[in-house]
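Visitor: I'd like to learn how to read a few features off a model. Could you take me through this one?

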Amino acid sequence: MPLFVFGQFESCDVDSTVKSIENIDYASFGDKKVQLDLYMPKKTGIYPGVILVHGGGWTSGTKLGFTQMAIDLAEKGYVVANIDYRLAAEAIFPGAVQDTKAAIRWLRANAKTYNINPNKIAGIGASAGGHLIAMAALTGHTNKFNGSSGNHDNVSGVLQATIIMGSGVDQVTRVKNAPDQYVKNCFIFFGGSFADKHEVYANASPINHISHNMTPILMLDGGQDKPGERYVDFRKKLDNHNVINEFKIIPDAKHGQWKKDRFRSAYTKAFDSFLKKHL
């Protein structure tokens, strides 16, 4: 694919309508730099921005798993930042939340460079990535979980819309309902057992950060992924705070199949419909 220089990075033609810039450093935490891949329409214009956050139980996965979804969204008219973040082996909670919030601020800080409307930025996350983007969205109006200074600290981290797929929003209830109150990836990411770290589990639960400041949120589940069960109390609390929220089911899909060719177009169609309504 032909390459051309875009600022200090090499930009690559993905197809006839989309170009990409890969491995951009968007934040630094000590010696660790975290990166994103940017996908954007070739056609001249100002576009909404989207932060895309992969899953993997906070312990695995990379942005490469969402490359095609990022391209699909760029084809629909969004500038998409498909991000990596520090996994639990590198940084326990709130490390990955700090990274996700930094990515939002980076995208807004660079809106003019990449033809983004800074007042129209949304976040989309799957599974653990949905947990991270929900945490970022619910605390975007504050400095909570912003982490170390130097990562566009004075830029707003507010999202105008949020979409989560198959994501845990109440880690306390999740672990309480698990055998022996133990969930391996929670133990790793939260730095210990619920008995020892119950305040961390509570602080890491999006349901405990809901306020009237939250912007519209869409919850998506596959038809074979316990549809709606994760969000019963979450949606009640959103309603109590007058937060616009929607829930949709993608028929027949299992957990993680948002990346599969068979289902991806249904997910991206749902994204686009929700974002067009709220951006």
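Visitor: Let's start with one side chain: is Phe194 buried or exposed?

Guide: Phe194 is buried, at a relative accessible area of 11%. Buried means under 20% relative accessible area, exposed means over 50%, and partly exposed is in between, with a 1.4 Å probe and protein chains only. Before we go on, this is a predicted model, in which local features need pLDDT of at least 70 and side-chain atom pairs count only at pLDDT 80 or more, while totals for chains, interfaces and linings use all residues. Residues are numbered from 1 along each chain as its sequence is written, and side-chain values use heavy atoms, with hydrogens and water left out.

Visitor: How many aromatic pairs does the structure hold?

Guide: Rings of Phe, Tyr and Trp (its six-membered ring) pair if their centres lie within 6.5 Å; planes under 30 degrees apart are stacked, over 60 edge-to-face, and the rest tilted. The structure holds twelve such aromatic pairs. In one of them, Phe194 meets Tyr201 edge-to-face, 5.5 Å centre to centre with 80° between the planes. Tyr201 is buried too, with a relative accessible area of 1%. Ring pairs also link Trp58, Phe93, Phe145, Phe189, Phe190, Phe194 and Tyr201 into a cluster.

Visitor: And which ring does the charged end of Lys144 sit over?

Guide: A charge sits over a ring if NZ of Lys or CZ of Arg is within 6 Å of the ring centre and within 35 degrees of the ring normal. The charged end of Lys144 sits over Phe145, 4.9 Å from the ring centre. For Arg86, the ring is that of Phe29, with 3.9 Å to its centre.

Visitor: Now empty space. What is the volume of the largest pocket?

Guide: Rolling a probe the size of a water molecule over the atoms shows where empty space is left. On a 1 Å grid over the protein atoms alone, a cavity is a set of points where a 1.4 Å probe fits but cannot get out, and a pocket is an open set with protein on both sides within 12 Å along at least five of seven lines; lining residues have an atom within 4 Å of a point. Grid points are joined across faces, edges and corners, and a volume is the space filled by probe spheres set on the points. Here the largest pocket comes to about 570 Å³. It is lined by 24 residues, of which Ser167, Gly168, Val169, Arg174 and Arg230 are the closest to its centre.

Visitor: What kinds of residues make up that lining?

Guide: Count Ala, Val, Leu, Ile, Met, Phe, Trp, Tyr, Cys and Pro as nonpolar, Asp, Glu, Lys and Arg as charged, and the others, Gly among them, as polar. The lining of the largest pocket then has six nonpolar, eleven polar and seven charged residues. Helix 3 (128–138), helix 4 (171–176) and helix 7 (232–240) each supply at least two of the lining residues. Helices (H or I, at least four residues) and strands (E, at least two) are DSSP runs, numbered from the N terminus.

Visitor: Which residues line the largest cavity?

Guide: They are Ala137, Leu138, Gly140, His141, Val158, Leu159, Asn213, Met214 and Thr215. That lining divides into five nonpolar, four polar and no charged residues. The largest cavity holds about 60 Å³ of space.

Visitor: Back to burial: where does Asp72 lie?

Guide: Asp72 lies in helix 1 (residues 67–75) and is buried, at 12% relative accessible area. Contact means heavy atoms within 4.5 Å. Leaving aside neighbours within four places in sequence, Asp72 is in contact with Arg264 and Thr268. Met69, Ala70, Ile71, Leu73 and Ala74 are among the buried residues of helix 1 as well.

Visitor: Last one, the backbone. Which residues does a cis peptide bond join?

Guide: Most residues other than glycine have a negative phi, and most peptide bonds are trans. In this model, a cis peptide bond joins Phe93 and Pro94, with omega about 10°. Pro94 is in the loop between strand 6 and helix 2 (95–109). As for phi, Asn115 is not a glycine, yet its phi is positive, about 60°. Asn115 lies in the loop between helix 2 and strand 7 and is partly exposed, at 36%. Asp252, also not a glycine, has a positive phi of about 75°. Asp252 is partly exposed, with a relative accessible area of 44%.
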